[in-house]
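Hi,

Here is the structure I promised to pass on. Have a look at it first, and then read my notes below.

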Amino acid sequence: MGNMIIVQESTQTFISELQVNQVFGQISFFSGRPRTVTVKSRGFSELMYLDQMMFLKSIYTKHSHAVKVYEDLRYKLIENPKNFTPLYLKCYHCQLKGHIAIDCDFYQHIKGNLTNQNDMRFTQDENHKQEI
Ligand SMILES: [Zn+2]
């Protein structure tokens, strides 16, 4: 299995590496906001994808309670866009709940950490690596 890494391309910042069975994209899934980071694979990775529209169509017809949970989460994220407590997310840096890595106090210490290292070149090379 390949490693999945989270980077913020606009600032050339490596944020974290995902482990097996971890999920990503919850904020966008529930809030509808654009993603602020990119997930890249180093090597072959197998992913499962949950399409938001397909999910909503499936719960609207038969699962009214799930619709209420989804809409409550969405409302909380829109009402307070820097508070991620409703999603039980932990910051990748400090592991505290309620905020995400790019909003963390530690983020300023790592921001741009790929600009002076070879990690970015490595991740780009891995994307184009061919089997020998
Ligand atoms: Zn933090």
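Let me start with one residue, Val39, which sits in strand S3. Before you read too much into any detail, keep in mind that this is a predicted model.

Is Val39 buried, exposed or partly exposed? Its C-beta has 16 other C-beta atoms within 10 Å. A residue needs 20 or more to count as buried and 12 or fewer to count as exposed, so Val39 comes out as partly exposed.

Which residues does Val39 touch, if you skip those up to four places away in sequence? The list is Met4, Ile6, Leu18 and Phe24. Glu17 is another one to look up: Val39 and Glu17 are 22 residues apart in sequence, and their C-alpha atoms are 9.0 Å apart in space.

Now for the sheet that S3 belongs to. It is an open sheet of 3 strands in the order S2-S1-S3, and the pairing is antiparallel. The edges are strand S2 (13–18) and strand S3 (38–42), each of which pairs on one side only. From one strand to the next, the twist averages 30°.

Going through the pairs:

- S1 with S3: strand S1 (residues 3–8) runs antiparallel to S3, and 5 bridges join them. If you want a spot to click on, Asn3 is opposite Arg42 in S3.
- S1 with S2: this pair is antiparallel as well, over 5 bridges. Here Val7 has Phe14 in S2 as its bridge partner.

S1 and S2 also make a hairpin, with 4 residues between the two strands. Check Gln12 in that turn, as its phi is positive, at about 55°.

When you go along any of these strands, it helps to remember that side chains in a regular strand alternate between the two faces of the sheet.

Finally, the chain as a whole. How many helices and strands does it have? There are 5 helices and 3 strands. Reading from the N terminus, the elements go β-β-α-β-α-α-α-α, so you can see from the DSSP runs that a helix comes between the second and third strands.

What share of the chain is buried? Of the 132 residues, 9% are. As for contacts with a separation of 6 or more, 51% of them are between residues 24 or more positions apart.

Shout if you would like to go through any of this together.

Cheers

Definitions and conventions. Residues are numbered from 1 along each chain as its sequence is written. This is a predicted model: local features need pLDDT of at least 70, side-chain atom pairs count only at pLDDT 80 or more; totals for chains, interfaces and linings use all residues. Two residues are in contact if their C-beta atoms, placed from the backbone, lie within 7 Å. Two strands pair if DSSP finds at least two bridges between them. Axes are lines fitted to C-alpha atoms, for helices over the stretch in contact, and angles run from 0 to 180 degrees between N-to-C directions.
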